[in-house]
Amino acid sequence: MNRRPPAWLWPNLLSLDAPIVACIWMWMLARAMRVQYVELSSYAVLAAAVWCVYVLDRIKDVFSGKHPVEGEMPWRHEFHWKLKWLLLVLVAAVIVYSGYSSLYVLSREMLSAGLVGAFLVLVYFVVAAFDRADVAYGKNFFAGMVFAFGTAVPVVIYSQPMPAVLSDVIAPLQVASQEGGAIAMLGGILLALKEYIIMVLGSLGVVLFSVHVVLFGLLCVMNITAIDLWERSRRSDDQEVKDASEFSLSAGLMALVAGAMISAAFFVDDYGRPLCYAVMISAALLQVINRKRYKFSLDAQRVLADIALVVPAPLMFFLS
């Protein structure tokens, strides 16, 4: 790097902003869903998993030659690329820690839901490899909902049971191995595959069925899409493109605020209503950043977009 990055950029530079957002919103979701206790190890594993995904995603971006604006390679990408081998070693260590915690500390339900989340992350990387649009709306929607799923899982499993867990997937294979024979093993594999599909779809249905989780997921989608639209606007000299980017984001944020208002009025109880207000506040702050974005660098816009997600946290503390 040619100069020292500003102090306010370090959380984003170290990929710590996303884990912080995830942990704060997991606490907010727990308050809204009246879950009294979530293990501290759940927060640690969530933060570790999110950090690993973001580090790998940033290294992948540089490796593939993706830079948001010509001649304006973000500090975070340059930082991750220069320290890629150290960061990859740290990622491997964090994965080992998360695996140990999942196997020996967290519940079986958490392990099962975590495996579903890991599968979704792999699917995300596949989707990201094929969605090469300037503003990848499909990839952004998938990424936002996966982020919401991972954040909400530790809360939801304490409030309602999962339809299937890992032991249900393994059981047919154990029975088949005891019976012996190729036909029995084939039948066991097919039954295990069936249980696995039930586990994945069931976990998605249980976690994402909540109004609170859907609103948070859509807020994450808007956060990611805002950054893409700001980058596209900065990249183009066409005023129509700039105006279209601002309109697209404004329309999406207004739709999100309307959805949160309707949810607060008709679909959630008194405990969940503050979370709807938090979504509205975050969306409004994103719109303020959108209107004033030319006053900030791209790096500043990214940091401000993440700050907008956590500003309403005190509201949940005082009102729920």
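## A salt bridge between two loops

Aspartate 269 and arginine 34 join their side chains in a salt bridge, with an N to O distance of 2.6 Å. Aspartate 269 belongs to the loop between α11 (239–266) and α12 (273–291), and arginine 34 to the loop between α2 (17–32) and α3 (40–63), so this contact ties together parts that are 235 residues apart in sequence. The model in which this pair is found is a predicted one.

Both partners are partly exposed: the relative accessible area is 29% for aspartate 269 and 47% for arginine 34.

## A buried pair between α10 and α13

The search of the whole structure yields seven salt bridges. One further pair consists of glutamate 231 and arginine 302, whose closest N and O atoms are 2.8 Å apart. Glutamate 231 is part of helix α10 (residues 211–235) and arginine 302 is part of helix α13 (residues 298–310); the pair therefore ties together parts that are 71 residues apart in sequence.

Glutamate 231 has a relative accessibility of 7% and counts as buried. Arginine 302 is buried as well, with a relative accessible area of 2%. Both values fall under the 20% limit that defines a buried residue.

## A network involving α11 and α12

Arginine 291 and glutamate 246 form another salt bridge, in which the closest N and O atoms lie 3.1 Å apart. Because arginine 291 lies in helix α12 and glutamate 246 in helix α11, the contact ties together parts that are 45 residues apart in sequence. The two partners differ in their exposure class: arginine 291 is exposed, at 55% relative accessible area, whereas glutamate 246 counts as buried, at 18% relative accessibility.

This pair does not stand alone, for Glu246, Arg291 and Arg293 are linked in a network of salt bridges. Pairing of this kind can arise when the charged atoms of side chains of opposite charge come close.

## A nonpolar surface patch

A feature of another kind is found on the surface, where Tyr100, Leu103, Tyr104 and Val105 form a nonpolar patch. Together these residues have about 460 Å² of accessible area. One of them, tyrosine 100, is located in helix α5, which spans residues 84–104. Membership of such a patch requires over 30% relative accessible area and no salt bridge.

Key: Residues numbered from 1 in each chain as written. Predicted model: local features only at pLDDT ≥ 70, side-chain atom pairs only at ≥ 80, totals over all residues. Heavy atoms only, no water. Patch = residues over 30% accessible without salt bridge, like charges linked within 9 Å, V, L, I, M, F, W, Y side chains within 5 Å. Areas by Shrake-Rupley, 256 points an atom, 1.4 Å probe, with all protein chains shown as cover. Salt bridge = Lys/Arg side-chain N within 4 Å of Asp/Glu carboxyl O. Helix = DSSP H or I, 4+ residues; strand = E, 2+ residues; numbered from the N terminus. Buried < 20%, exposed > 50% of the residue type's maximum accessible area, 1.4 Å probe, protein only.
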